[in-house]
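Colleague: I am new to this structure, and I would like to understand how the words used for it are justified. Could we look at it together before I ask?

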Amino acid sequence: MAGYYSPLTSTRTLLLKIPPVEPGTVGPCPVAPDALQGIKRQQTNPARWNGAGWQDFVAALRTSSVELAEGAAACGVYATDAGGTAYGLPHGVVLARSAGQISLLLKAAQAHRVPVTVRGGGLTTEGESVAFGGVLLDMSGMSRVLNVDAQALTVRAEAGIYWHALAEELRRENLDYLSAPLNLTSSVGGTLGVGGIDVNSARLGCSADQALSLQVVTPTGEIVECSDGENPELFQRVILGYGQFGIITEATLRVRPYTPLAMHYYYYSSLRTAIEDLQMLDRNDASDYSGILTIMDCAVNLLVAFDSDEREAAFRKNWESRLRGYGEFGFALCMAGHYALRPWKFREALYLLQRKREVFPEFRRPEYMREGKMHDRSVVFSRAVWKHWGSRQMVIPDLATSADKFIEAVERGNAVCRKYFVHYTLYCVGIKLRPDHQPHYEMSCVPPDAEGWAYGCEFEPMIEGGIYSRDHFQSFKNAIYDVGVDMGASYYRFGGMMKGYIRRVFGDALVDRHLAMKRRADPAMILNRDVIF
Amino acid sequence: MPATLARAPAAPRDYAACSGCNLCVLVCPMWRSHRDPRFTPEGLAKALQHGATAAQLAAPVEACSLCGACDPVCPEGIDLPGLVMDLRQKLANSLSPRSSPLLDDLCASLQQGVASGVASRSAPLLLPGPDLRADAALLARVQALLGLAIADDDGDDIALALELGVEIPQHRLQQFLASLRGHSIVAADGLLLRQLRRWLPGSQRMGLGAALSSRPAVRSNLLATDLYVIEARAYHGDYERMVAYYDRLQLETGCALNLDLQRIAIPAGAQGLSQKLGATPGDGDAQAKWILKGRRPARIVVESMADRAAFERVCDLPVVHLAELGEDPEMIKRRPHAFG
């Protein structure tokens, strides 16, 4: 590590020694073992690609009849992602239309060493789908359902399709996907590349586990079908591969008959008790859906739901009495007593009441309720998420741990939230692991020591119109991720601006092995190059 | 009838507030036919945030059907149909004047205005629009069902000007609004209805579909095997009330609705500006086909004449206008196949 003397500030400043990078080549690994030493906690956007050879590349694309759009009207829509803290513009945009077109694009990009950033729904939060120069490939142009097999309960779709658009098509056959993130606009391809967590993941696993086979365009432009039985190594690397080893263009997914949900809500004043109960339900397969959403440290909601009356009846008979949470009315009484004895905390009580008044009706809108059951849960949840948690900046650091480390991780993360923000929400959910998919989980959000279930917790500050610097957000995220390093956890969002943690969490040997695989698969290192490596 | 006293709308926000959540994309008919983010409300807002001009956005601005589906789903409360209408007006002002018989007639009408008689101050008025006017028998049936007088000045030219982005002269607008003040209004044109909400806050107004379907003579003839097609613009323009109204209708009658999973009405017959002016061909009634995908209704019941035309083009199911339901022998004689 070199130091230099600044005549302007008369202070000795430590800088990372970065050798000059030849245009169009890959620079030194920014996640090298000592990459974090001396770096202050601050924004870590990658540098914009310098554009060397762009015009030759554009000419090559035109020769191949691949349409590329440039200019503000075309590129502006991609300036940031859902996180809203990483900003960058591509030199040009290609709207995905076919695997063949993407193959031509990647071949030209390899030849001209032009970075290609792939974007599905743009629901990343750390700039992973933001192009800092080069080409942005928008997969949403490939978003059709190709075939629904109602007998085999499978669907084949283009990978740029949003989960919600897939649900719309499946519903016409009275079918539904198994699990998907609780927002409407994640894309299938993007989700399979990172995991995908739902409130039924404790039973059905992550969304990536429902993929049966994929069509992938490799970084060098080959179009390959892969599954557990066909090209399994590519399948293992692409699933949960953060877009490093190929672009998913089509996916065959398992689906299931559609069912409305019977919802139950339990309220806790202790986070620890709620998590213990959540894990008890998961261990005993006592519910079809389970998850925790906090309103405040002392107001924790455990959501439990069922696809069938039989499962609900079994829960009522065998497990409900073991839950230590209250119903809504009982909890309201508890809170009334709590704040009556602590009148100086009246602001807290007011906030609680306000959230209850604003948020609860969203989950009970009559047009989504029939005979006491909730229809179209993804719409209900997602609308509520965007309306009451969404904003132009979505800062959602997370921790993913084994079951036995989870309570400690959540409590430590919660303490970090308390330090940085007035109000925040925690979202906790379990993920059933498939032993046969262990190779998929390598260097992913699934922590290596997890067995049976992994658990994830998102820590989401309520921005509420407040103005925070990007450094404040980054510092908050780092403080959460430091907990993960300390505990040997993993993260859902370890790419993009958080990639500095990859070596610290996964270790050099594993990262170097994946880097070597990446270099073999993507010689010019053009595909999603700022995401992980 | 559903309650008609609407709240004054909250002040809408402009494109700068777009956070790129994509929710408008999911419901946008333009997106469905183009699969290109530039042809979405979000694409327009984001492009404007990055300095694009109205002229650069001409293609999506003209392709938009102003169905308003994007309006209720926007979590930022941006007036997205208003954004498109503004851009259309900017386009119309910045480009060399387009010449078409439609535009020429419209400009003449806007300048001339409409002479209106003196209706009694509180009498409810019907603004039937040109499509319904063209079918005298159906118009008479609507009047009989609703018991409304037809407004002398039904604002056809103003509705068209809104759609085309043609500036409405102040004197003409004031003349039109003056003729409506103090009256309850039932309007067939959803876009005009949406604007009346702004122009006449506190007034009592509703869409033709909601007015008709609230009549027992009509409602009692809706069947569980019907596909009921809501007119998208009126529905989205007053979404919070209408979603509750049609939810009750669906519960009571058991009919299927042209709603997606977000309870947004899929527009069947709405066309973009460029299609309306004949500049580009339509997308082959893709929306009507999408509504019917996986559904096998015995009959299609529509609120708007444009939707009726769209379904008649894409299927051989009986398609009836809402006003044709009921025990009216004339209507049954007109469309016997729709009434068994």
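What follows is a conversation about strand pairing, burial and salt bridges in this predicted model.

Colleague: What makes strand β7 of chain A a pairing partner of β11(A)?

Modeller: Two strands pair if DSSP finds at least two bridges between them. Strand β7 (residues 154-158) of chain A is joined to β11(A) by five bridges, and the two run antiparallel; within this pairing, A:Glu158 has A:Glu250 as its bridge partner in β11(A).

Colleague: Which way do strand β8 and strand β9 of chain A run against β11(A)?

Modeller: Strand β8 (residues 175-177) of chain A runs antiparallel to β11(A), joined by three bridges, and A:Tyr177 is found opposite A:Val255. Strand β9 (residues 211-217) of chain A also pairs with β11(A) in the antiparallel sense, over six bridges, and here A:Val216 faces A:Ile248.

Colleague: Why is strand β11 of chain A called mostly covered?

Modeller: A residue is buried when its relative accessible area is under 20%. In strand β11 (residues 247-257) of chain A, nine of the eleven residues are buried.

Colleague: What makes the contact between A:Lys356 and A:Glu328 a salt bridge?

Modeller: The cut-off asks for a side-chain nitrogen of Lys or Arg within 4 Å of a carboxyl oxygen of Asp or Glu. The closest N and O atoms of A:Lys356 and A:Glu328 are 3.5 Å apart, so the pair counts as a salt bridge. Because A:Lys356 lies in helix α11 (residues 346-359) and A:Glu328 in helix α10 (residues 328-340) of chain A, the pair ties together parts that are 28 residues apart in sequence.

Colleague: Are these two residues, A:Lys356 and A:Glu328, buried, exposed or partly exposed?

Modeller: Partly exposed lies between 20% and 50%; A:Lys356 has a relative accessible area of 36% and is therefore partly exposed, and A:Glu328, at 26%, is partly exposed as well.

Colleague: How do you know that B:Asp79 and B:Arg194 count as buried?

Modeller: With the limit for buried at under 20%, B:Asp79 has 12% relative accessibility and B:Arg194 has 8%, so B:Arg194 is buried too. Their side chains meet in a salt bridge of 2.5 Å, N to O, and since B:Asp79 lies in the loop between α5 (70-73) and α6 (80-94) and B:Arg194 in helix α12 (residues 190-199) of chain B, the pair ties together parts that are 115 residues apart in sequence.

Colleague: How many salt bridges does the structure hold over all chains?

Modeller: The structure holds 50 salt bridges over all chains.

Note on methods:
Residues numbered from 1 in each chain as written. Chains lettered and ligands numbered in written order. Predicted model: local features only at pLDDT ≥ 70, side-chain atom pairs only at ≥ 80, totals over all residues. Heavy atoms only, no water. Buried < 20%, exposed > 50% of the residue type's maximum accessible area, 1.4 Å probe, protein only. Helix = DSSP H or I, 4+ residues; strand = E, 2+ residues; numbered from the N terminus.
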